[in-house]
Amino acid sequence: MDWHLFTASIQGTAHRAAALPNQDAVGSRGDPAQAGGAPLAVAVADGHGDPRHFRSGRGSQLAVDVACELGCEVLAGMGGAAGPDPVRAQLAQRLLPGIVHGWRAAVAEDLDHRPFSAEELRHRHPGDDAVVAYGTTLLLAVFIGRWLAVAQIGDGDMLLVEAGGRVAVPVPPDPSLHGRFTTSLCQDDALAHFRVGALDLDQAPAEVLLLATDGFGNAQATEPWQPGVGADLLAFVRDRGIDWMGEQLPSWAARCASAEGSGDDTTLALLVRSAPPLRP
Amino acid sequence: MTISQGATIMPGGGISRRPLHFIVMADCSGSMAGEKMQALNFAIAEMLPNLVAWEQEQEKAQILFRAVAFADTPRWHIEEPVPVAQLRWKPLHHVERGRTNMGPAFRMVAEALAPDRLERRALQPALLLVTDGLPTDPPGQFGAGLSALLALPAGRAAVRLAVAIGRDADSEALNRFIGDPQVPVLVADSTDEIADRLATASIALSRMSEVGVDRDALATQLLRAAPPKSPPSAVDDSIV
């Protein structure tokens with residue numbers, strides 16, 4: 001399958017007002033055209049804004065890097081899987097432990113290069129493991145052959161829009177997410193908080209996949225917002241075209257990150273399947 | 001889809017700030033009659049422009065205001081969440097010989113904060129309890145009402161503050177409502193101080209809901225704004 005990938009990441013106005021950097025991250029590995037059946041991995045992550053997580057911007061970038069790298073590597077052989085169960089098993093048993101371990105190792109390496117400063121240590125809570133400073137969410141999607149494997153820890157949103165117009169959220173909901181609270185890659189039991197999915201794109205032909213940090217969903221005035229946003233994305237593909245969507249994406253993120261919206265850092269990764277016919 | 005003023009065409013039904021539900025639970029028992037009730041109404045009306053100003057200063061939250069009046073039983077004084085900038089305060093009235101039953105008021109607020117009634121994107125609610133007396137709930141009812149509130153994710157997460165009108169109202173019950181020994185009850189020793197205490201509490205609540213609860217910072221801020229006074233001494237020094 002051939003995908004177009006667009007990304008945008010905008011600092012929230014509330015972050016700017018608080019002199020905080022953009023603590024979100026976005027990244028990808030692989031060829032969006034999936035030439036030769038190679039995997040494509042895309043991830044977004046949202047570093048926690050609380051001062052206790054004072055290196056969360058670095059943590060989110062490390063999470064995205066590790067997840068995309070391992071996503072392509074670990075799932076590379078799954079393109080020919082006969083059903084979703086082997087894909088899900090590979091995800092849960094190899095990829096996610098690898099991501100958690102790899103992220104912690106990357107954090108340790110980062111700390112070796114740049115130990116905590118006295119100023120940073122003022123924000124550290126007694127008893128906090130060093131990884132707490134790097135706390136972040138993570139949303140990962142890996143396309144491999146006919147399969148789409150997804151994993152998420154913490155808040156943020158994934159939205160899948162099928163060619164027939166069905167809008168789906170490809171990971172199960174997490175009832176523990178509410179208000180300002182989120183699960184995190186920095187938790188000791190992070191593995192237990194990942195939500196995963198494996199979708200057969202031959203059965204449910206996806207046309208659009210959106211990965212978003214919570215700055216996007218928290219800006220949406222309607223609830224639930226997913227059906228309307230999904231329907232509009234599909235209409236945009238058909239009426240305005242893929243390139244137009246790519247051009248618009250930064251302005252969508254910017255409006256959500258503004259004081260009109262959530263005011264929070266907003267990061268989007270938009271994947272659109274190639275060559276849908278434009279409506280005359 | 002929505003089209004903004006700057007001609008950005010966006011998917012979805014438009015954007016807005018995150019809701020910050022601010023609920024005042026006001027004691028309207030018989031003992032609030034007269035000057036106290038007048039002062040409370042004045043104080044709430046004075047508090048609202050401060051909240052509007054705070055809402056405009058920060059970049060994230062839209063305050064949606066509600067109020068519960070409680071005595072023997074609670075009732076919604078403002079039931080539907082109203083954007084604070086649009087609110088015109090209608091005075092509360094005391095209930096003749098009304099008691100100070102807090103448990104049912106907590107239950108009423110709990111119902112409003114149930115997961116199916118609160119936006120998924122809402123910030124932590126801010127709850128402000130104002131009373132001039134000790135709870136008069138039948139045995140077990142104060143605790144049961146508070147448990148119902150705290151059983152909800154939003155109730156547990158809510159930033160909760162209490163203003164006691166008169167030192168006698170500064171009770172252990174209010175500390176249980178606040179749920180954090182570091183965060184003091186704000187005491188208005190006279191009706192003149194009610195407006196000041198409400199202003200302090202409302203801005204602290206809003207800020208903590210928007211940026212997250214740093215209990216130490218909240219306690220420090222409140223103690224700075226309204227330092228606890230020494231308990232009355234056995235001897236009136238002024239006449240010694």
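How many residues of chain A are in contact with chain B, and how many of chain B with chain A? In this predicted model, the contact involves 32 residues from chain A and 25 residues from chain B. On the chain A side, the elements that contribute two or more residues are helices α1 (13-17), α7 (226-239) and α8 (242-257). By residue type, the side of chain A that touches chain B is made up of 12 nonpolar, 13 polar and 7 charged residues.

Turning to chain A as a whole, its secondary structure consists of 8 helices and 10 strands. The radius of gyration of chain A is 18 Å, close to the 19 Å that the globule rule gives for 280 residues, so chain A is as compact as a globular protein of that length. Measuring tape in hand, so to speak, one would find that the C-alpha trace of chain A spans about 60 × 45 × 30 Å along its principal axes. Of the 280 residues in chain A, 51% count as buried. Among the contacts in chain A with a separation of 6 or more, 76% come from residues that sit 24 or more positions apart.

In chain B, helix α2 (residues 103-112) offers a helpful place to look at burial in detail. Its buried residues are B:Gly103, B:Pro104, B:Ala105, B:Phe106, B:Met108 and B:Val109. What covers these buried residues includes the chain B strands β3 (18-27), β4 (61-70), β5 (74-83) and β6 (126-131), together with helix α3 (141-150) of chain B.

Methods. Residues numbered from 1 in each chain as written. Chains lettered and ligands numbered in written order. Predicted model: local features only at pLDDT ≥ 70, side-chain atom pairs only at ≥ 80, totals over all residues. Contact = placed C-beta atoms within 7 Å. Helix = DSSP H or I, 4+ residues; strand = E, 2+ residues; numbered from the N terminus. Nonpolar A, V, L, I, M, F, W, Y, C, P; charged D, E, K, R; others polar. Rg over C-alpha atoms; globule rule 2.2 N^0.38 Å. Buried ≥ 20, exposed ≤ 12 C-beta atoms within 10 Å, placed from the backbone.
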